[in-house]
Structure formats: C-alpha cells, structure tokens
Amino acid sequence: MTHPYQEMKDMKKHKKHYDMLGYICDAQYGIPTRCPCGGEIKTDVSPNPKYRHDFDTLPGSRYFTCKNYEDDGMHFRQPWAFGVEDEVRRLRMEVNDMAEEIAKLKRIITSTSRP
C-alpha cells in the first residue's frame with residue numbers, strides 16, 4: 001500500500017501528462033510556430049519513412065518538425081501539406097468574414113447617405 005501523498009503526486013503527474021497530450025493534439029492546426037516543449041519549428045524533408053506514422057506519405061515529403069523531436073507524442077511533426085491546407089482554410093474564412101463586414105458597412109453607408 002502506497003502513501004496517500006505519493007498516490008496524489010502520481011495522479012497529478014499522470015493528469016498533467018494526459019492534459020499535455022490533449023493540448024498538443026488541439027494545437028496541430030495550421031502552420032505551427034512553436035512546439036509546446038518550447039522548441040523551434042523547422043521545415044525538413046523526409047528522405048525515407050523513418051517514423052512509425054510515416055506510413056501514408058512518400059519519401060521526400062515535407063514536414064513541420066520540432067527541433068527537439070522525439071517520437072513520444074510530446075513534440076510536433078506535422079506533414080507540410082496538412083499545415084498549409086489548414087492555414088489556407090483559416091485565411092479563407094477570415095477573408096469571407098471581412099468581405100461580409102465590408103458589405104454590411106457599405107449597406108449602412110449607402111442607406112444613411114440617401115436623402
């Protein structure tokens with residue numbers, strides 16, 4: 001039987017670990033700028049399938065990778081195409097929102113400027 005203090009300490013450690021995994025999964029949208037570990041993100045090219053999750057990509061694929069990357073789930077290694085696709089989708093939504101706002105402002109200006 002372990003001491004309740006040690007059990008609580010272990011439980012908090014596991015909770016922190018699983019929370020971090022969730023944060024990393026949620027953060028992998030768009031082009032990453034920093035890794036949750038604080039490491040720099042670099043763009044590299046995979047010469048061959050080196051990691052277990054490279055099964056669906058061809059050699060020579062581009063990735064956004066943490067400078068301190070280890071295959072432990074705590075660092076970014078995201079296919080370049082996925083990051084760029086998410087970023088383009090986000091930018092299109094932003095442009096559409098701005099276009100709607102401009103159209104709304106034009107309607108307001110034209111409706112108030114008429115006698």
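Which residue in β3 is the bridge partner of Thr 65? It's Arg 77, and that pairing is a handy way into this model, which is a predicted one. The chain has 115 residues, and its secondary structure comes to two helices and three strands. Let's start at Thr 65 and work outwards.

**Thr 65 up close**

- You'll find Thr 65 in strand β2, which covers residues 61-66.
- Thr 65 counts as buried because its relative accessible area is 3%, and the cut-off for buried is under 20%.
- Besides being bridge partners, Thr 65 and Arg 77 make a polar contact, side chain to side chain, at 3.3 Å.
- If you skip the neighbours within four places in sequence, Thr 65 is in contact with Glu 40, Ile 41, Lys 42, Asp 44, Phe 76 and Arg 77.

**Strand β2 and its partners**

- Thr 65 has buried company in its own strand: five of the six residues in β2 are buried, so the strand is mostly covered.
- On one pairing, β2 is joined to strand β1 (residues 41-46) by six bridges, and the two run antiparallel.
- Within that β1 pairing, Ser 61 of β2 has Ser 46 standing opposite.
- On the other pairing, β2 is joined to strand β3 (residues 77-79) by three bridges, again with an antiparallel run.
- Some of the contacts of Thr 65 fall in these partner strands: Ile 41 is one of them, and β1 takes in residues 41-46.

**Arginines over rings**

- Arg 77 turns up once more here, with its charged end over the ring of Tyr 63, 3.8 Å from the ring centre.
- Arg 62 lies over the face of Trp 80, and the distance to that ring centre is 4.6 Å.
- As for rings pairing with other rings, the structure holds zero aromatic pairs.

**The chain as a whole**

- Reading from the N terminus, the elements go α-β-β-β-α.
- Buried residues make up 20% of the chain, and Thr 65 is one of the buried ones.
- Take the contacts with a separation of 6 or more: 45% of them are between residues 24 or more positions apart.
- The accessible surface adds up to about 9400 Å², with carbon and sulfur atoms accounting for 59% of that area.

Methods:
Residues numbered from 1 in each chain as written. Predicted model: local features only at pLDDT ≥ 70, side-chain atom pairs only at ≥ 80, totals over all residues. Heavy atoms only, no water. Helix = DSSP H or I, 4+ residues; strand = E, 2+ residues; numbered from the N terminus. Buried < 20%, exposed > 50% of the residue type's maximum accessible area, 1.4 Å probe, protein only. Polar contact = N/O pair within 3.5 Å; in protein donor to acceptor, adjacent residues only side chain to side chain. Contact = heavy atoms within 4.5 Å. Pairing = 2+ DSSP bridges. Areas by Shrake-Rupley, 256 points an atom, 1.4 Å probe, with all protein chains shown as cover. Phe/Tyr/Trp six-rings, centres within 6.5 Å; stacked < 30°, edge-to-face > 60°. Lys NZ or Arg CZ within 6 Å of the ring centre and 35° of its normal.
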